[in-house]
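Me: I would like to go through some of the labels attached to this structure and ask what stands behind each of them. Please set each value against its criterion before you conclude.

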Amino acid sequence: MDVTQWILFILLVQVIHFLGTWKLYKIAGRKPWEAAIPIYNAVVLMKIINRPAWWVILLFIPIINLLMFPVIWVETVRSFGRNSLADTWLAILSLGFYIYYVNYALEVTHIKDRSLHPKSSSGEWVSSIVFAVVAATLVHTYFIQPYVIPTGSLERTLRIGDLLFVSKFHYGARTPMTTIAAPMVHDTLPGLGIRSYLKKPQLPYFRLPGFTKVDRNDIVVFSWPADTVRAFFKKEAGVVKPIDKKSNYVKRCVGLPGDSLEIRDGFVYIDGEQLVLSDRAKPQYDYMLYARNGVSSRLLLDVGVSEFNRTYVAQSLNPQQLMALRSAGFVVYGQNNPPVILTDSKGIPAEVIRGLGLSLREITDRERQATLTDEMAAELRANSQIDSVVKILEPKGAPGYNIFPQSPDYPWNNDNFGPIFIPAKGSTVALNVKVLPLYKKIIRDYEGNTIGVSGNQVLVNGEVAREYTFKQDYYWMMGDNRDHSEDSRTWGYVPENHIVGTPIFIWLSFDNFNEGIANWKPRWDRIFTTVNGEGEPVSYFRYFLMALAAWFIIDFIWKRRKKSKAK
């Protein structure tokens, strides 16, 4: 909806409100015309229903207002004596139009000093739940949002199974663009698998003031620009989503608006200088390990490596064993002689081996691929059992798979990419057929223009364009797990209006997070740790427990004193 449409919509709402309440305003001792003045009518209505004036603010906060409108409808009819359960449901199910019936068809009186507390316990519970939902939605939408790390793109820096609090106020909360949506859920209703929002009407992008801007090296949560997925892990046609209902991703910001970015042999360069990561960053790369006596899985596990594969050979497998292994998620080549079983770094648990009566031998190859941090690579190089540790790099000029901008004119890959300019708001680039692949998605999808090519000329909105000026800032996001991260190297720039916030706190963390709740194991050293900062993360969990114990003790003593005074 454009500005004109929104003005007309707001005027229509005011007309509907005036026609349905003017008589009630008069009965309450106010002037009928007061029901027609935007904002002022809401202030007057709060006085009529004996509710605080600050409720008016809640009526103009997107998403929060959807929860408040039914409350106002119910409070309005109750203020004129319609207190029954039937009246309540009629007000809600009629979307407030039951007020018209009360306004025109009933003889009612205004209850000026109506109690703010429901007379029934059920009414009190309902009121408490409604305001708990309102408060939680307000915090979730504008201040702090919980988030879980589901994939390993930032592994070692942020681990799979880290449960985070994401601050939206650092960069300034992005107000909802989707006006009608279920509270405290994202794009899907849990358990139902259906869309949680209506695509229209949409509000224009707006961000509240923050106290900092996205900086280089920040870990950032953002709406995935390329998201057309209705449900992950399902092959089906894509869908078009509003910006604020796209899936949330978390990566590290390595490029800022106005930067020239290049990747050389896996390292990021900004304006020709190698990017220095924060000391808490744990970048990982794929390496090939060589050892004349074989690269032992135990050796890899001892230095903390978790991303490598293991291969087992079985003496034999009967059909029941084969089916059980495959059901447990292992890759089994039963047709081989002898049968071969592939697993991740955890291998096959001893209880599975005993339970199925397996006779296995692990193959220890002389060369083996693993994903390592710099510290792991250095430790393995220093080990006498390892002959060499070699980083795996895609050579410069060799086109990689699914690499931005997906054009043969740019034969880039994950390890050798660019240079590429990251647009800043107000910056201008020359526009021609050669550079068009780099900026086509920005011009068309993010900034709402039509784009075409006629011969050697680029057309923007049907007119020949030799340059283009950008309307907003853009960022370049990458995962620290460099060879196992789908990031800006795949889908390009992240627009400023897609930024959600930054993680600030890990409140829980579990190993085996994607293997079912029964297999979760707490990582005690990561619970209650901060995400940003310098040096090794420090857990504040013990201090939290101490504070909690102190609170219970003080509360217990206080209650005992109150009881003794009462006697």
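Reply: This is a predicted model, and a good place to begin is the pair H4 and H5, where H4 passes H5 in a right-handed crossing.

Me: What makes the crossing of H4 with H5 right-handed?

Reply: The label is right-handed because a crossing is called so if the near helix is turned clockwise from the far one by less than a right angle, and H4 passes H5 in that sense.

Me: Why are H4 and H5 called oblique to each other?

Reply: The axes of helix H4 (residues 64-78) and helix H5 (residues 85-93) cross at roughly 140 degrees and come within 9 Å. Angles over 145 count as roughly antiparallel, and those from 65 to 115 as roughly perpendicular; the crossing at roughly 140 degrees falls in neither class, and H4 and H5 are therefore oblique.

Me: Which residues make the contact of H4 with H5, and how do they divide into nonpolar, polar and charged?

Reply: On H4 the contact is made by Trp73, Val74, Val77 and Arg78, and on H5 by Thr88, Ala91 and Ile92. These residues divide into 5 nonpolar, 1 polar and 1 charged; Arg counts as charged, whereas Trp, Val, Ala and Ile count as nonpolar.

Me: What makes S10 and S12 edge strands?

Reply: Strand S10 (331-333) and strand S12 (360-363) each pair on one side only, in an open sheet of 4 strands whose order is S10-S11-S9-S12 and whose pairing is antiparallel. From one strand to the next, the twist averages 25 degrees.

Me: How do you know that S10 and S11 pair?

Reply: Pairing requires at least two bridges between the strands, and 3 bridges join S10 to strand S11 (residues 340-343), the two running antiparallel. Within S11, Ile341 is the bridge partner of Val332.

Me: How do you know that S5 and S6 pair?

Reply: Set against the requirement of at least two bridges, strand S5 (residues 260-264) and strand S6 (residues 267-270) are joined by 4 bridges and run antiparallel. Leu261 stands opposite Ile270 in S6. These strands belong to an open, antiparallel sheet of 4 strands in the order S7-S6-S5-S15, with S7 (273-274) and S15 (417-421) as its edge strands.

Me: What makes the link between Gln202 and Thr178 a polar contact?

Reply: The side chains of Gln202 and Thr178 are joined at 3.1 Å, and the cut-off for such a pair of N or O atoms is within 3.5 Å. Gln202, found in the loop between strand S2 (162-167) and strand S3 (219-223), also reaches the backbone oxygen of Lys199 with its side chain at 3.1 Å.

Notes:
Residues numbered from 1 in each chain as written. Predicted model: local features only at pLDDT ≥ 70, side-chain atom pairs only at ≥ 80, totals over all residues. Heavy atoms only, no water. Axes fitted to C-alpha atoms, helices over the stretch in contact; angles between N-to-C directions. Parallel < 35°, antiparallel > 145°, perpendicular 65-115°, else oblique. Contact = heavy atoms within 4.5 Å. Polar contact = N/O pair within 3.5 Å; in protein donor to acceptor, adjacent residues only side chain to side chain.
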